[in-house]
Amino acid sequence: MSASADPALAPRRPALFTLGLRPFFLFGAVWAAAAMALWIPMLAGRMAPPTAFDPISWHAHELLFGYLGAVVSGFVLTAAPNWTGRPALMGWPLAGLVALWLAGRVAVLTSAETAPLPVALIDLALPAALVAYFGNAIIAGGNWRNLPVVALLTGWGVANALFHWEAAEGGFPAAGHGLRLGLMAAVLLISLIGGRITPIFTRNWMRARKAGPEPTLFNRADGAILLFTVAALAVWVVWPHEWATAALAALAGIAHLWRLSRWSGRHAGAEPLVWVLHAGYAFIPIGFLGVAASAFLPGAAAAAQHLWMAGAVGLMTLAVMTRASLGHCGKPLTASRPITALYLALIVSVAARFAYGLAPGADWLLHLAGAGWIIAFGGFAALYWPLLTRAKSTPGQPTQS
C-alpha cells in the first residue's frame with residue numbers, strides 16, 4: 001500500500017472512504033444478503049418488485065454483476081497502488097464510484113418503470129469507470145503484467161451489456177450468452193488472481209511456521225492452463241451443450257485440479273484464512289467437471305453452473321474479503337470462530353443449491369441454500385462493519401499479486 005493510501009494521512013476523510021475495499025466490501029456483502037432475502041419471496045410469487053427482469057434473471061444478474069461488481073471494485077481499487085505505484089482513490093472520487101454502483105442496483109430493481117437503455121447505461125457506468133481508472137493506472141505505471149485484468153474487466157462489462165440487451169429483447173437472459181460470458185470473465189479472474197494469491201498466502205503462512213513443502217508459485221505451466229481455460233470457456237459460452245464442450249471442460253477441470261494440488265493446501269488446515277482460499281478455488285475444477293457431466297444429464301446444467309456462481313464466485317470472494325479487510329485494517333491475519341462459521345455456512349449453501357438443481361422439487365434445499373448464503377454475507381457485514389468504518393491503528397498487509 002502506498003503512503004498516500006494510509007488513512008492516517010487523511011484524518012478528515014470518513015474512514016469508510018479511505019480505501020476501496022471498505023465501502024465496496026461492506027455494501028457488497030449487505031447487498032448479497034439483501035438480494036437473496038428478496039429473491040426467495042420473488043421466486044415464490046409473494047413479492048413483485050418493479051423490475052423488468054424475471055426473478056431468476058434478476059437473481060443471476062445481481063450476483064454476477066451486482067454483488068461481484070462491488071467486490072471486484074473493492075479489490076482492484078485497493079490493489080491498484082501496489083500494482084502500479086499510483087496513488088489510491090479515496091474521498092469523494094471513491095464515494096462517487098460507490099454511488100454509481102448503488103445507482104445500478106436501484107436502476108435494475110426498478111427497471112420496469114424505465115426504458116431499457118437508460119437502465120443499462122446506469123448499470124454499466126461503474127464497469128466503464130473501473131476499466132478507465134485501472135487501465136490508465138496500468139499504462140501510467142507501466143505494469144503490463146496486470147493488463148489481462150483490464151481485458152477481463154472489459155469482457156465482464158461487455159457481458160453485462162449483452163445481458164441487458166437479451167433482457168430488452170424479451171428473452172431469458174439467465175440462460176443467455178451474456179450470463180455465460182460474464183461467468184467466463186469471473187472464472188478467469190479467479191483463475192488468474194486467485195491462482196496468484198492462494199499459493200503466495202499459503203507459502204507465507206507455512207514459512208512463518210517453518211512448515212513444508214512450499215507451494216509452487218505461478219509459472220509457465222499455470223500460464224498454459226490459463227490459456228487452455230480461455231479456449232474451453234469460450235467454446236462453452238457459444239456451444240454450452242455440445243459433446244466437444246464437455247470434453248474440453250473435463251480436461252480443464254483435471255488441469256485445475258492438478259494446479260490446485262501443487263499449492264500445499266493439505267498442510268494449511270490449521271488456518272481457515274488459508275484453507276478457505278483453496279476451498280474457493282476448488283470450485284473452479286469442480287465446476288468444469290460439473291459442466292462436463294451435464295452433457296450426460298442435461299437437467300443438471302444449471303446445477304453445475306451454480307458450482308461456479310455460488311461456489312467459486314461466492315466462496316473465493318468471501319475468502320478475499322475476510323482476509324483483505326483484516327490485513328488492510330491492521331488486524332492479525334487469523335480467522336476467529338465466527339469468521340470460520342461464515343465459510344462453513346456458505347459451503348453448506350453451495351452444496352444445498354447444487355443438490356436442489358438435481359432435485360428441483362425439494363424446496364427445503366433451496367431455502368437452506370438461501371439461509372446459508374444470508375448467514376455468510378449478512379454475518380460478514382455484521383462482523384466487519386466496525387472494522388471497515390473505523391480508521392486502522394496499525395499498518396495492514398497489502399494485497400499481493
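## A walk through the helices

At 0% relative accessibility, Phe163 counts as buried, because buried residues are those under 20%. That makes Phe163 a good place to start our tour, and one thing should be said at the outset: the structure you are looking at is a predicted model.

Let us stay with the aromatic rings for a moment. The structure holds 15 aromatic pairs. In one of them, the rings of Phe53 and Phe163 have their centres 5.7 Å apart, and their planes meet at 45°, so the pair is tilted. Where do Phe53 and Phe163 sit along the chain? Phe53 is in the loop between α1 (21-43) and α2 (55-84), while Phe163 belongs to helix α5 (residues 147-168), so this pair ties together parts that are 110 residues apart in sequence. Phe53 is buried as well, because its relative accessible area of 8% is under 20%. If you look around these two rings, you will find that they belong to a cluster: ring pairs link Phe53, Phe65, Trp156 and Phe163. Elsewhere, an aromatic ring has a charged partner, for Arg323 lies over the face of Phe201, at 3.8 Å from the ring centre.

Now let us turn to the salt bridges, of which the structure has 5. Begin with Glu62 and Arg105, whose side chains meet in a salt bridge at 2.6 Å, N to O. Glu62 lies in helix α2 and Arg105 in helix α3 (residues 92-109), so the pair ties together parts that are 43 residues apart in sequence. Are Glu62 and Arg105 buried or exposed? Both of them are buried. Asp123 joins them too, as Glu62, Arg105 and Asp123 are linked in a network of salt bridges.

A second salt bridge to find is the one between the side chains of Arg259 and Asp222, at 2.6 Å, N to O. This pair links distant parts of the chain: Arg259 is in helix α8 and Asp222 in helix α7 (residues 220-238), 37 residues apart. Arg259 has 0% relative accessibility and therefore counts as buried. Asp222, with a relative accessible area of 0%, is buried too.

For a contrast, look at Arg207 and Glu214. Their side chains also meet in a salt bridge, here at 2.8 Å, N to O. How are these two residues placed with respect to the surface, buried or partly exposed? Arg207 is partly exposed, with a relative accessible area of 47%. Glu214 is partly exposed as well, with a relative accessible area of 38%. Both values fall between the cut-offs of 20% and 50%, which is why they get that label.

Helix α8 has something else to show you. Leu251, Ile254, Leu257 and Leu289 make a nonpolar surface patch of about 340 Å². Which helix gives the most to this nonpolar patch? That is helix α8 (residues 243-261), with 3 residues. Leu251 is found in helix α8, and at 48% relative accessibility it counts as partly exposed. Helix α8 is thus a place where you can compare a buried residue, Arg259, with a partly exposed one, Leu251.

Next, follow the chain to helix α6 (residues 177-208), where Ala186 is found. Ala186 is buried because its relative accessible area, 3%, is under 20%. What does Ala186 touch, leaving aside its neighbours within four places in sequence? The residues in contact with Ala186 are Leu64, Leu68 and Val313. Take Leu64: in sequence, Ala186 and Leu64 are 122 residues apart, and in space they are 8.0 Å apart, C-alpha to C-alpha.

Our last stop is helix α11 (residues 337-358), which holds Thr340. With a relative accessible area of 17%, Thr340 is buried, because the cut-off is 20%. Not counting residues up to four places away in sequence, Thr340 touches Pro272, Trp275 and Ala335. Leu344 has its place in helix α11 too, but at 46% relative accessibility Leu344 counts as partly exposed. Leu344 and Val276 are 68 residues apart in sequence, and 9.4 Å separate them in space, C-alpha to C-alpha.

How values were computed:
Residues are numbered from 1 along each chain as its sequence is written. This is a predicted model: local features need pLDDT of at least 70, side-chain atom pairs count only at pLDDT 80 or more; totals for chains, interfaces and linings use all residues. Side-chain values use heavy atoms; hydrogens and water are left out. Helices (H or I, at least four residues) and strands (E, at least two) are DSSP runs, numbered from the N terminus. Buried means under 20% relative accessible area, exposed over 50%, partly exposed in between (1.4 Å probe, protein chains only). Contact means heavy atoms within 4.5 Å. Patches are made of residues with over 30% relative accessible area and no salt bridge: like charges are joined within 9 Å, nonpolar side chains (Val, Leu, Ile, Met, Phe, Trp, Tyr) within 5 Å. Accessible areas come from the Shrake-Rupley method with a 1.4 Å probe; for residues, only the protein chains shown count as cover. A salt bridge is a side-chain nitrogen of Lys or Arg within 4 Å of a carboxyl oxygen of Asp or Glu. Rings of Phe, Tyr and Trp (its six-membered ring) pair if their centres lie within 6.5 Å; planes under 30 degrees apart count as stacked, over 60 as edge-to-face and the rest as tilted. A charge sits over a ring if NZ of Lys or CZ of Arg is within 6 Å of the ring centre and within 35 degrees of the ring normal.
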